[in-house]
4 protein chains.
Amino acid sequence: MFTVTTTQVTLVQIDNYGPWTTTPEPRREMDLQTLQSRLFADVAQFLGHRDAYVFFTRFDNMIAVTNGVDGAAHASLQESIGNRYPVSVSLGTAVAERPVDALEAANRRLQTAGSAQDESRTEVLAGEYLSETDRSDLQVAHFDVVNATGKYTDRLNEFDTFINIEQAYGSLMRHLREAHGALAFFVGGDNVVAVCPDLPESAFSSAVAHVEDDVDIELQVGVGRGASAHEAGFAAKHALEDCRHDGTSVELFGAPAVSD
Amino acid sequence: MFTVTTTQVTLVQIDNYGPWTTTPEPRREMDLQTLQSRLFADVAQFLGHRDAYVFFTRFDNMIAVTNGVDGAAHASLQESIGNRYPVSVSLGTAVAERPVDALEAANRRLQTAGSAQDESRTEVLAGEYLSETDRSDLQVAHFDVVNATGKYTDRLNEFDTFINIEQAYGSLMRHLREAHGALAFFVGGDNVVAVCPDLPESAFSSAVAHVEDDVDIELQVGVGRGASAHEAGFAAKHALEDCRHDGTSVELFGAPAVSD
Amino acid sequence: MFTVTTTQVTLVQIDNYGPWTTTPEPRREMDLQTLQSRLFADVAQFLGHRDAYVFFTRFDNMIAVTNGVDGAAHASLQESIGNRYPVSVSLGTAVAERPVDALEAANRRLQTAGSAQDESRTEVLAGEYLSETDRSDLQVAHFDVVNATGKYTDRLNEFDTFINIEQAYGSLMRHLREAHGALAFFVGGDNVVAVCPDLPESAFSSAVAHVEDDVDIELQVGVGRGASAHEAGFAAKHALEDCRHDGTSVELFGAPAVSD
Amino acid sequence: MFTVTTTQVTLVQIDNYGPWTTTPEPRREMDLQTLQSRLFADVAQFLGHRDAYVFFTRFDNMIAVTNGVDGAAHASLQESIGNRYPVSVSLGTAVAERPVDALEAANRRLQTAGSAQDESRTEVLAGEYLSETDRSDLQVAHFDVVNATGKYTDRLNEFDTFINIEQAYGSLMRHLREAHGALAFFVGGDNVVAVCPDLPESAFSSAVAHVEDDVDIELQVGVGRGASAHEAGFAAKHALEDCRHDGTSVELFGAPAVSD
């Protein structure tokens with residue numbers, strides 16, 4: 001029923017960032033926060049308009065899903081950041097069936113070029129990119145917490161709400177990583193977006209059940225497929241709307257969840 | 001030895017954001033990411049230049065430490081966002097000795113005005129603000145992971161590094177919340193900034209030990225005090241530099257850690 | 001009838017910008033445009049929240065009207081830009097009755113420190129600032145073109161519309177500079193904001209008549225006074241609304257124009 | 001010697017912007033300036049990464065040179081702005097040999113759809129786009145003022161410098177428009193970028209001579225050609241570097257200027 005998925009992953013790493021933040025003395029925290037979040041926003045706009053996704057992760061290291069974005073576009077992004085920020089970035093890209101394997105290979109390209117805090121290792125651009133002919137689908141799942149506003153946001157203080165969301169996210173991210181090599185990212189509110197290999201519906205019901213068992217938080221998830229992160233993610237968002245509307249906990253490709 | 005600390009906390013909540021993101025149909029994820037991170041950056045600049053701190057938390061709900069920022073400035077921030085974004089924000093502010101109590105009271109001001117997803121509850125501005133005369137210090141702790149680059153970033157793939165950092169953060173945030181009513185926020189890289197009530201050095205060594213026991217990750221922490229989040233946080237950054245330089249795991253107010 | 005006005009003017013000059021834009025080879029024009037306009041936006045937010053105004057002028061040199069913004073705030077702006085941009089800025093500030101005299105003195109502080117293209121002259125911060133006690137009002141005039149949309153935007157192509165607006169602006173800026181030492185800035189659309197010394201209504205009717213004679217374009221103008229650029233400018237905007245509503249060509253302080 | 005050039009021009013017009021800026025009452029000027037300049041920056045990044053150029057012009061109406069950018073990309077830009085700003089934009093696009101004719105046709109597409117201040121005329125997307133097969137070169141000229149820093153910036157106050165630059169720009173823009181249907185834009189500092197039809201070197205020496213006669217300011221100009229605005233503009237920047245190095249006043253396509 002499922003064809004093979006292929007994920008192209010790019011690691012965006014700010015060069016020698018840690019030392020920069022404290023040289024010659026520590027920089028104001030709000031300036032660092034502004035720099036980091038605006039850099040992320042710029043990468044999100046650049047890649048988003050090419051139907052790719054990027055996640056802020058640790059901000060100094062961002063993980064992007066870049067199916068359909070070629071080497072020339074990566075070079076252009078790197079140059080543009082170098083022209084407009086006081087820091088530069090290195091970009092490593094690789095392709096694999098499982099997202100974590102793609103990331104592992106992408107990451108190794110930077111690691112073999114030198115340490116993230118090696119001041120002479122700057123603006124590495126290393127990667128392999130999917131060609132037009134070998135492109136296949138990727139799978140994206142969009143999770144959120146059932147009735148988060150009613151159960152948490154409108155009742156608890158924001159930090160305790162956040163603790164709940166954070167625990168659900170932590171439980172989910174580790175489960176998907178270990179069980180499937182999928183990469184799940186918190187994207188704000190009560191939303192988690194996961195980039196997955198080929199997974200059947202049962203994998204998602206299991207993930208939802210795992211989080212409920214583990215930390216007693218109820219999730220729902222929409223799953224989509226497409227030629228790009230945007231296309232797959234957009235289908236996932238629509239599927240999640242179906243969950244919200246129908247009260248189901250898993251919706252695949254817009255079809256109601258059935259046991260498999 | 002410690003005088004009383006007082007923390008003024010502001011909850012910044014985007015009005016009716018969840019429904020907006022899916023009306024009339026789901027909006028592109030990278031546009032939402034861009035909007036959220038730029039809004040956070042703008043709030044960080046606004047408050048940062050007033051020596052306050054803001055943390056992105058869930059992006060649709062951000063927690064700020066606003067000692068020294070009065071009601072007029074809060075009104076000005078709210079108006080400016082309303083003028084420049086497609087969404088508006090509500091701001092609730094309160095003051096307490098323990099940060100979590102301040103947040104709780106700040107949050108309640110918004111919750112009693114209506115649900116976060118009530119479309120008629122917009123631009124609430126409610127709060128009490130520290131007067132010039134009753135201002136006292138606040139305490140900020142800046143944690144990071146010992147040798148994160150060598151142990152994680154340069155060795156593991158970024159997602160597995162992130163899992164480690166996220167687990168350390170999750171363990172630390174829950175411990176500080178439960179034990180002390182402190183609010184700890186991941187700020188990127190391997191850094192966590194915690195806004196604390198009056199805590200002695202032993203509380204920080206215990207926190208570091210707790211995380212090491214719990215998830216086997218070694219932290220170090222600098223602690224500072226000051227009249228504003230920036231002043232306290234800047235002292236904490238300098239204290240953390242001392243940890244890095246001297247190999248100690250806790251530095252208070254720039255003095256070397258001694259057992260207590 | 002008029003009390004003395006005092007204007008505090010700050011020159012914001014990007015350090016050694018020209019050479020930077022072509023080193024080691026010319027940088028992409030759209031990256032430069034992005035950098036310049038975002039830097040301007042950041043300065044506008046910083047100063048705007050302190051009730052000051054800044055104008056983009058040539059982008060590498062921006063002119064700000066900073067009544068009420070002290071030296072510490074100027075230092076904070078300079079530091080924040082240095083932390084977040086690949087370029088730094090120098091700031092010269094001075095005070096005078098006529099805006100152009102304040103600018104002249106502010107500018108000289110940077111010029112005596114070195115050339116704008118001297119790579120060793122960076123982050124100059126030099127100025128005198130109005131004290132709390134000697135603050136007095138300043139005067140701001142907000143001009144626009146009568147029925148610009150109907151006469152130009154909806155009829156001509158945008159470049160020919162722009163030629164008309166640009167000619168009106170050029171005529172007006174030179175007249176106000178020569179006749180009164182006022183500084184007039186195009187702020188987009190068909191709007192010009194002028195920072196003036198004490199000027200009577202007749203000066204504004206003359207300016208409007210001058211432009212009509214010179215380039216055959218009909219202007220209207222609202223004039224306001226206040227303790228800050230924002231306060232004066234906001235009164236001017238309201239006065240201009242009166243022009244639009246009543247069909248008058250000059251409105252002072254909200255009162256209908258009478259001959260003087 | 002010259003082949004035909006073709007320019008694709010897009011008019012970016014903020015919908016119903018004038019009324020929005022004063023409804024329900026005038027908005028703070030610095031918020032408007034921030035909104036306008038950030039919107040311009042976003043369009044510059046979006047189009048710049050597609051090798052197109054955009055000029056801020058009047059900010060509420062921006063003119064872009066979009067050879068190589070198709071209708072889908074225009075739709076994507078429009079959607080993204082609608083998702084992230086409190087205002088929306090209409091886009092009209094057309095193609096012609098002379099830039100002003102392309103703009104005229106692009107503009108008419110919006111004008112026939114309704115007034116710029118018609119609140120029901122929003123997000124118009126109308127245009128014709130160059131196909132892959134009929135793409136040909138375009139010509140871009142990059143002017144600046146000879147020794148602007150030494151003659152003006154370091155000597156005069158910034159406003160008087162600006163008056164000089166503005167006069168040179170005004171003289172040049174009108175000459176190029178009237179004589180050749182070229183569109184010239186001030187891009188900051190002492191720089192003007194002109195999008196031209198096929199023009200021989202003599203046209204540029206005449207333009208330089210015209211400005212010197214008219215307002216006594218000495219310009220130099222580099223001219224480039226290419227398949228996109230960036231490619232042509234980049235060649236023009238390199239040619240201008242040759243002017244600076246060799247003391248010539250016109251450099252075409254990197255070759256020294258000879259009389260023709």
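This tour moves through a predicted model, stopping at two chain pairs and then at an enclosed space.

**Stop one: chains A and B**

Begin by selecting chain A and chain B together, and colour them separately so that the boundary can be followed. Chain A can be laid on chain B by a turn of 180° with a shift of 0.0 Å along the axis, and the RMSD of that fit is 0.0 Å. That is the relation of a two-fold axis. To find where the axis passes, select S37(A), whose C-alpha is the nearest to the axis in chain A, at 2.6 Å from it. The same surface serves both copies, since 100% of the contact residues of chain A recur in chain B.

Now display the residues on either side of the boundary: chain A brings 77 residues to the contact, and chain B brings 77 residues as well. Between them these two chains bury an area of about 6500 Å², and carbon and sulfur atoms give 56% of that area. Charged pairs are found here too, with 12 salt bridges across the interface of chain A and chain B. For one of them, select R174(A) and E166(B), whose closest N and O atoms are 3.3 Å apart.

**Stop two: chains C and D**

Hide the first pair and select chain C with chain D, where 77 residues of chain C are in contact with 76 residues of chain D. The area that chain C and chain D bury between them is about 6500 Å², with 56% of it on carbon and sulfur atoms. Which residues of chain C lose the most area to chain D? They are M30(C), R58(C) and F159(C), and together they account for 13% of what that side buries.

Keep R58(C) on screen and add E158(D), because these two residues form a salt bridge in which the closest N and O atoms are 2.8 Å apart. Across this interface there are 12 salt bridges.

**Stop three: the largest cavity**

The model holds 13 cavities of 30 Å³ or more, and the largest of them contains about 290 Å³ of space. To centre the view on this largest cavity, select F56(C), Y169(C), F186(C), F162(D) and F186(D), which are the closest to its centre among the 21 residues that line it.

Next, show the elements around the largest cavity as ribbons. From chain C, β2 (53-55), α6 (158-180) and β7 (183-186) each supply at least two lining residues, as do α6 (158-180) and β7 (183-186) of chain D. Finally, colour the lining by residue character, which gives 16 nonpolar, 3 polar and 2 charged residues.

Terms used: Residues numbered from 1 in each chain as written. Chains lettered and ligands numbered in written order. Predicted model: local features only at pLDDT ≥ 70, side-chain atom pairs only at ≥ 80, totals over all residues. Heavy atoms only, no water. 1 Å grid on protein atoms, 1.4 Å probe; cavity = no way out; pocket = protein on both sides within 12 Å on 5 of 7 lines; lining within 4 Å. Points joined across faces, edges and corners; volume = space filled by probe spheres on them. Helix = DSSP H or I, 4+ residues; strand = E, 2+ residues; numbered from the N terminus. Nonpolar A, V, L, I, M, F, W, Y, C, P; charged D, E, K, R; others polar. Least-squares fit on C-alpha atoms with pLDDT ≥ 70 in both. Contact = heavy atoms within 4.5 Å. Buried area = accessible area lost by both parts, 1.4 Å probe. Salt bridge = Lys/Arg side-chain N within 4 Å of Asp/Glu carboxyl O.
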